[in-house]
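Q: Hi! I'm just starting out with protein structures, and I'd like a close look at one part of this one. Could you walk me through the aromatic rings and what lies around them?

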Amino acid sequence: MDELTKRFLKARFQSYYKNLDFQMPPSFTSREWGFISFDPMPDVVMKRHKYFGSFNEVSEYLVGMAPAHVYYSVAYYDMPGAPRMDQKGWKGADLIFDLDADHLPGAKMTYSDMLDHVKAESLKLADFLVDDFGFSENNIELVFSGGRGYHFHIYDDKISQLDSAERREIVNYISGRDLDFKFFFKEVAMVGDAGAGSKEFMGKRGKIPTKWVLEGHENGWGKRIAGYVTDYLRSEAEIGKENPKEMFKDLKENKIAGDTTLKKLAVLASDETLLSEIMEKGRLDFPVKDFKTIIEHIIQKTVAEFGVDAGASVDEPVTGDIKRLIRFPGSLHGGSGFEVQTLSFDQLPGYDPLTDSLAFDDKPTKVRIQRPFSFLLNGQEFSVTEGKEELPEYAAVYLMCRGVANYGY
């Protein structure tokens, strides 16, 4: 990035901040702020331990300095501007989740594919936060990071004092890490003539008959497992209508069940009354051989299907770090030129960051391309080669921020 490019980007960021109607985070005067400037690039120099006492101070700093990146602390401090962490006086911290495509393993994906994957994981996380942990949507700020993922800011006094280990336990829960399927199987006594667990059942005395049920089917992971079991069986029943031989291929391939068992399972999969009892009562006492083993297999698939992919998407150290700096919603991301944009939960399913987060218009802008590069923005595919190009400003800014182009010719 040459000096002319730095000056151009600072001017465009400055213009953006002059017109920005931004919202401050709760208790912003108790937070530490940090900034990365365009000036020393390609070196990355973080200026932190900054303190602001008013809205106007923040606004004036952003307009005057036009930083490439803007951050504030998830923590609240007695003295947020103190130069050393041990002098600040930690008072508490928001609960933060950073879902980032940078952590995706395996084969290469396009930028668009990465963002789609992380959005799917974010939808799962939203479900856990509201349904399992009981957080109100009003206390959760959902933010597109401006880069490769989404941030969840949870502002709630109930979690502000959690330590790092307790916050990591939350990540373990939502990811299904170390989930023990044995917990979800409960052997209970059949209901006797004199009540549950009595020594007399249907007029007979002696050993109490028992049955297996799904523990905790009303909520949390138990509810997800019950739902997946019923959906799995229903989907297999639909496959069987077209081609019965294609039913339960995964059970056959993993040698979990034989032909006789699979025939009984096929009958069960077509019985809506029995399927509803799995959801409503946690019923698992079906006359199918090795049904418990089959359910164990389905539970493992449930974790893969519904658990938030902590290893691939959730940046676990961010959640556990009670003094972390996080991007300021409403600011610009200096690596893309995109807006760090706050969303409602309802907006997330249809949100397209490669269109919706663009902060600049389509004014023709001249750039010098440094290397071949292909990308998708605003619904348009671009493919540029080394040399002079004239592009819409949002695309030109993106390439300059990525280090692919320099301004002007």
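**Rings and their neighbours**

A: Let's begin with a charge over a ring: Lys88 lies over the face of Tyr77, 5.7 Å from the ring centre. Please keep in mind that you are looking at a predicted model. A second pair of this kind has Arg224 over the face of Phe128, and here the distance to the ring centre is 3.8 Å.

Rings can also pair with one another. Searching the whole structure turns up 27 aromatic pairs. One aromatic cluster is made of Phe22, Trp33, Phe35, Phe52, Phe55, Tyr61, Tyr72 and Phe328. Try finding Tyr61 in the picture, as we will follow that residue for a while.

Tyr61 belongs to helix H2, which covers residues 55-65, and is one of the buried residues there, along with Val58, Leu62 and Val63. A general point about helices helps here: an α-helix has 3.6 residues a turn, so residues three or four places apart point the same way. What do the buried residues of H2 pack against? Their partners are helix H1 (3-18) and three strands: S1 (33-36), S2 (46-50) and S3 (69-73). After H2 comes Ala66, which has a positive phi, near 45 degrees.

Tyr61 also takes us to an empty space. The whole structure has one cavity of 30 Å³ or more, and the largest cavity holds about 60 Å³ of space. Tyr61 and Phe35 are both in its lining, together with Lys10, Ile36, Ser37, Asp39, Lys47, Met65 and Pro67. S1 and H2 are the elements that each give two or more residues to this lining. By type, the lining residues are five nonpolar, one polar and three charged. So how can such a space be found at all? Rolling a probe the size of a water molecule over the atoms shows where empty space is left.

For a last stop, look at Leu343, in strand S16 (residues 341-343). Leu343 counts as buried because its relative accessibility is 8%, and the cut-off for buried is under 20%. Leaving aside residues up to four places away in sequence, Leu343 touches two tyrosines, Tyr150 and Tyr351, as well as Leu142 and Leu348. Val143 is 200 residues away from Leu343 along the chain, yet their C-alpha atoms are 5.8 Å apart.

Stepping back, the chain has 12 helices and 21 strands, and 50% of its 409 residues count as buried.

How values were computed: Residues numbered from 1 in each chain as written. Predicted model: local features only at pLDDT ≥ 70, side-chain atom pairs only at ≥ 80, totals over all residues. Heavy atoms only, no water. Phe/Tyr/Trp six-rings, centres within 6.5 Å; stacked < 30°, edge-to-face > 60°. Lys NZ or Arg CZ within 6 Å of the ring centre and 35° of its normal. Buried < 20%, exposed > 50% of the residue type's maximum accessible area, 1.4 Å probe, protein only. Helix = DSSP H or I, 4+ residues; strand = E, 2+ residues; numbered from the N terminus. Contact = heavy atoms within 4.5 Å. 1 Å grid on protein atoms, 1.4 Å probe; cavity = no way out; pocket = protein on both sides within 12 Å on 5 of 7 lines; lining within 4 Å. Points joined across faces, edges and corners; volume = space filled by probe spheres on them. Nonpolar A, V, L, I, M, F, W, Y, C, P; charged D, E, K, R; others polar.
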